[in-house]
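Me: I'd like to go through this one with you before I get back to the bench. Could you pick a pair of residues to start with?

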Amino acid sequence: MSDNTADPYTVREEEAHPPPTSLTGRLSYLGPSLIVTGAVIGSGELVLTTSLGAVAGWSLLWWLVLSCWCKSLVQAELARYTIVSGDTYLRAINRLPGRIWRISWPIWLGLIAYIPGTLGLGGIFGGTGEALSFLLSNMDIELNGVWCTGIVAVVVAGILSTGSYKWIETLMLPLVLLFTITTLICSIAMQFTEYQVSAGELLTGMTPDFSAFVAMAALALSAYGYTGTTSGDRSAYTYWAIEKGYPSFLGSNRDHPDWEKHARGWMKVL
């Protein structure tokens, strides 16, 4: 008998990768996390969270922390489902009961929400253009915000038109590191100014104050939505994980004794 009768798991052995166990090995698979980290820090987070802080002071810090925590839980579960099933986000959502014209109702909600979401991208481009104009003015280069916004739009369109996941991952790595380091430096430096944060203020902020929440419910819910539960962030992460190849690392034969072990291992990596 020919060798074509071999175990399918063995035939596709190149797709069944044991998960890395060392920190160095895991760092090489952080691509999707880096991309989504760079993507979610947009105008909504920067504007709404600072606006909420300006109005509520420290009283709703616990609310923002809760928002970020909920986001990590939902995102992790969706990523686990993607790894095990190989489904995209939209396919997974379309399995939910309740269909309108053969399509699950959350898909229709997402389509409706896509319109204001796309309009919101204009604010992100505009804010980036203004920031670029401000940066260039400090370098004695005068270019108004409109032209800078156009330049940003053209550059972004060029990057996306390549269709290269690896290129985007490589680009996002230094940007995320730079943003993170800058944020940490500013936070530490602020402690040596008149605006330093005391332990008492942090304790006050982490103590739930529902009266403050009720008084500013609209702004608080808006900030929660942008920092914790936007469907765009949730769905994008699953697609980046698929592009990275996570589902294929488990191998194709679910009956193989190592399949569950590989699945659990890759979930830990994620």
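Reply: Let's begin with E77 and R80, which sit 3 residues apart in helix α5 and are therefore separated by about one helical turn. Helices (H or I, at least four residues) and strands (E, at least two) are DSSP runs, numbered from the N terminus. Please keep in mind that this is a predicted model, in which local features need pLDDT of at least 70 and side-chain atom pairs count only at pLDDT 80 or more, whereas totals for chains, interfaces and linings use all residues. Residues are numbered from 1 along each chain as its sequence is written, and side-chain values use heavy atoms, with hydrogens and water left out.

Me: OK, and what do the side chains of E77 and R80 do?

Reply: They meet in a salt bridge, with 2.7 Å from N to O; the term stands for a side-chain nitrogen of Lys or Arg within 4 Å of a carboxyl oxygen of Asp or Glu.

Me: Where do those two stand, buried or exposed?

Reply: Neither, strictly, since E77 counts as partly exposed at 49% relative accessibility, and R80 is likewise partly exposed, with a relative accessible area of 31%. The classes are buried for under 20% relative accessible area, exposed for over 50%, and partly exposed in between (1.4 Å probe, protein chains only).

Me: How many salt bridges are there by this rule?

Reply: The count comes to 5. Another of them joins R95 and D87, whose closest N and O atoms are 2.7 Å apart.

Me: And is D87 buried or exposed?

Reply: D87 is buried, because its relative accessible area is 8%, while its partner R95 counts as exposed at 56% relative accessibility.

Me: What about K244 and E169?

Reply: Their side chains also meet in a salt bridge, at 3.1 Å from N to O. K244 lies in helix α13 (residues 231-244) and E169 in helix α9, so the pair ties together parts that are 75 residues apart in sequence. Both K244 and E169 are buried, and with K166 they are linked in a network of salt bridges.

Me: Changing topic: which residues make the nonpolar surface patch?

Reply: I100, W101, W105, L109 and I112 make a nonpolar patch of about 620 Å² on the surface. Patches are made of residues with over 30% relative accessible area and no salt bridge, like charges being joined within 9 Å and nonpolar side chains (Val, Leu, Ile, Met, Phe, Trp, Tyr) within 5 Å. The accessible areas come from the Shrake-Rupley method with a 1.4 Å probe, and for residues only the protein chains shown count as cover.

Me: Which helix gives the most to that patch?

Reply: Helix α7 (residues 105-137) does, with 3 residues. I100, by contrast, is found in strand β1 (residues 99-100), and its relative accessible area of 42% makes it partly exposed.

Me: And where is W101 found?

Reply: W101 is in the loop between β1 and β2 (103-104), and at 72% relative accessibility it counts as exposed. Its phi is near 55°, a positive value in a residue other than glycine.

Me: What's the usual sign of phi, then?

Reply: Most residues other than glycine have a negative phi.

Me: What is the phi of D140, and where does D140 lie?

Reply: D140 has a positive phi of about 60° although it is not a glycine, and it lies in the loop between α7 and α8 (145-161). At 72% relative accessibility, D140 counts as exposed.
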